[in-house]
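Me: I would like a close look at a single part of the structure below, with the reasoning laid out step by step.

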Amino acid sequence: MNASDADRDALAAARALVADAARIVVFTGAGVSAESGIPTFRDALTGLWARFQPERLATEEGFVADPPLVWRWYASRREAVRSCQPNAAHDAITRLQRRIATTVVTQNVDGLHRRAGTVDPIELHGNIARAKCLAGCGWTGDASALEAADTRIPPHCPVCGAFARPDVVWFGEMLPPDPWACAEAACRAADLCVVVGTSGLVHPAAGLPSIARAAGAAVVIVGPEDSAIDDLADVVVRGRAGDVMPPMID
Ligand code: BV8
Ligand code: ZN
């Protein structure tokens, strides 16, 4: 059997699982946004940022060590996201949700699932469009609006004057408790977990598909390369999200 026959069989098996499912969790990573032109996290560090490790720059220590550098990194990613559009994978996931009870849980901070019309996407790692107070006074707001009101880099919290920071989950930080609880509950209740575009390396998010499997869900994994959680899958569909999701879902 050549590769394309195997891919065709895997897609057919995945389609059958989607058709039989009553409650689906779609769990996405940076790969679902790759075809929108947003570099995946591993290769997000291009150009000026190339000399840094993501795990170093996306940390509170990294920010405190050089607030302007890290604020500028996020501002440039925010600008890039603003000029990108959701792609065929985001749109297919939105169509799926209109047909079958589907919870979308994403590791991405780009907000593209929401822009594609997905209802209540669970953003486990926050959202790059939002800022919050570094000192934890409770303020959060739109990062670009804050920059317009306060041209310092980084701008300061309008409530207490401390630095503002991106409202994303940095390495070494807890995930927001409510989104995590909702994501976990959805995985426990699902009969199908569709994993799209993740290396499966970042925890605790990467543990969600195994929670779904342990609760009896079938697992489909979609991506062009091996991932750290492929062994969990009933079906692995090798391919790009934009190519695989529409035929899998429609
Ligand atoms: C925590 C926001 C502790 C910021 C992000 C050793 C072992 C295990 C864990 C750890 C460890 N050492 C440290 C840890 C914990 C750490 C962790 O998991 N580190 C990893 C690197 C080993 N985790 C944490 O720190 C988490 N917090 O553990 O807190 C704690 C506990 C108790 C009390 C207090 C504290 C916080 C993790 C969240 C970090 N923040 N994002 C920002 O974006 O700047 S995560 C960041 O990386 C992204 O948001 C994304 O979620 C993640 C990267 O993962 P992916 O989405 O999978 O992206 P990646 O680039 O890796 O892969 C892309 C995939 O797409 C690939 O598979 C590729 O093949 C595929 N692809 C490419 N093109 C396409 C495609 N797929 C489909 N179609 C295509 N066209
Ligand atoms: Zn504050």
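What should the 16 residues of helix α5 (residues 67–82) span, and how far apart are its end C-alpha atoms?

Reply: This is a predicted model, and what follows should be read as a description of that model. Helix α5 covers residues 67–82, and at 1.5 Å a residue its 16 residues should span 22 Å, which agrees with the end C-alpha atoms being 22 Å apart.

Turning to the surroundings of the helix, the buried residues of α5 are P67, L69, V70, W71, W73, Y74, A75, R77, R78 and V81. The elements that cover these buried residues include the helices α3 (54–57), α4 (60–65), α7 (112–115) and α8 (143–149), together with the strands β4 (126–133) and β6 (164–168).

The aromatic side chains deserve separate attention. The structure holds four aromatic pairs, and one of them joins Y74 and W170 in a tilted arrangement, with 6.2 Å centre to centre and 55° between the planes. Because Y74 lies in helix α5 whereas W170 lies in the loop between β6 and α9 (177–189), this pair ties together parts that are 96 residues apart in sequence. Both partners, Y74 and W170, are buried, and they belong to one aromatic cluster with F63, W73 and F163.

Two members of that cluster also carry a charge over the ring: the charged end of R77 sits over the ring of W73, 4.6 Å from its centre, while that of R165 sits over the ring of W170, 3.7 Å from its centre.

Technical notes: Residues are numbered from 1 along each chain as its sequence is written. Chains are lettered from A and ligands numbered from 1 in the order in which they are written. This is a predicted model: local features need pLDDT of at least 70, side-chain atom pairs count only at pLDDT 80 or more; totals for chains, interfaces and linings use all residues. Side-chain values use heavy atoms; hydrogens and water are left out. Helices (H or I, at least four residues) and strands (E, at least two) are DSSP runs, numbered from the N terminus. The expected span of a helix is 1.5 Å times one less than its number of residues. Buried means under 20% relative accessible area, exposed over 50%, partly exposed in between (1.4 Å probe, protein chains only). Contact means heavy atoms within 4.5 Å. Rings of Phe, Tyr and Trp (its six-membered ring) pair if their centres lie within 6.5 Å; planes under 30 degrees apart count as stacked, over 60 as edge-to-face and the rest as tilted. A charge sits over a ring if NZ of Lys or CZ of Arg is within 6 Å of the ring centre and within 35 degrees of the ring normal.
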